[in-house]
Amino acid sequence: THMSFLSRLFGRKPTQPVANSIVAFDAQSIIRTMPNGTQEVVRWDDLAEVSIVTTDDGPFTDDVFWVLSGSSSGCLVPSEAQGIKALLSRLQELPGFDNEAVIRAMGSTSNATFVCWRRDAGH
């Protein structure tokens, strides 16, 4: 199932409710803070892929998650997290960021993954 994909990626299922999650970033890293205070951090210079995972759990639970994958770390950010709009604006500055993938993901109501950006192997 799709949740097992998320569990494999992050060692756990996304916990509900997630609306109280906060995502912030600075010049070095992106930080997601969960309601219980736990933090997930991925450094910009380690960021390898940005994707959006959609589930069929909506519309009453958060069914869209941003997956920020690094080689040694990662963040799973619910689309309802505080600060997501600012983060999206920053992600859109990444060279080659695929806005069409974002639009397709936002229209998805099934279990799917949309890759928005991958670090070019040549960089």
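These exercises treat the sheets, helices and nonpolar core of a predicted model.

**Exercise 1. The four-stranded sheet**

Find the order of the 4 strands in the open sheet and say which strands are at its edges.

Solution.
1. Read across the sheet: the order is β6-β5-β4-β7.
2. Strands of a sheet can pair in a parallel or an antiparallel way, through backbone hydrogen bonds. In this sheet the pairing is antiparallel.
3. β6 and β7 are the edge strands, since each pairs on one side only.
4. From one strand to the next, the twist averages 20 degrees.
5. Take one pair in detail: β5 and β6 are joined antiparallel over 5 bridges. Within this pairing, L68 has C75 of β6 as its bridge partner.

**Exercise 2. The three-stranded sheet**

Describe the open sheet of 3 strands and explain why β1 and β3 each have one side without a neighbour in the sheet.

Solution.
1. The strand order is β1-β2-β3, and the pairing is antiparallel.
2. β1 (22-25) and β3 (39-43) are at the edges with a single partner strand each, so one side of each has no neighbour in the sheet.
3. Neighbouring strands here are turned against each other by 15 degrees on average, direction ignored.
4. β2, residues 29-33, pairs with β3 in the antiparallel sense over 5 bridges. I30 stands opposite V42 in β3.

**Exercise 3. Helices on the sheets**

State which strands α2 and α3 lie across, and at what angles they run.

Solution.
1. Start with α2 on the four-stranded sheet: this helix lies across β4, β5 and β6, at about 50 degrees to β5.
2. α2 also lies across β1 and β2, where the angle to β1 is about 40 degrees.
3. Turn to α3, which lies across β4, β5 and β7 and runs at about 160 degrees to β7.

**Exercise 4. The nonpolar core**

Determine which elements supply the largest nonpolar core, and list the contacts of V50.

Solution.
1. The largest nonpolar core has 25 residues. V50, W66, L68, L91 and F97 have the most contacts inside it.
2. At least two residues each come from β4 (47-54), β5 (64-70), β6 (74-78), α2 (84-91), α3 (99-106) and β7 (112-118).
3. β7 gives the largest share, 4 residues.
4. For V50, leave aside neighbours within four places in sequence. The contacts of V50 are then W66, V67, L68, L91, L94, F97, F114, V115, C116 and W117.
5. Compare with step 1: W66, L68, L91 and F97 are in this contact list, and these four are named with V50 among the residues with the most contacts inside the core.

Terms used: Residues are numbered from 1 along each chain as its sequence is written. This is a predicted model: local features need pLDDT of at least 70, side-chain atom pairs count only at pLDDT 80 or more; totals for chains, interfaces and linings use all residues. Side-chain values use heavy atoms; hydrogens and water are left out. A nonpolar core is a set of buried Ala, Val, Leu, Ile, Met, Phe, Trp, Tyr and Cys residues joined through side-chain atoms within 4.5 Å. Buried means under 20% relative accessible area, exposed over 50%, partly exposed in between (1.4 Å probe, protein chains only). Contact means heavy atoms within 4.5 Å. Two strands pair if DSSP finds at least two bridges between them. Axes are lines fitted to C-alpha atoms, for helices over the stretch in contact, and angles run from 0 to 180 degrees between N-to-C directions.
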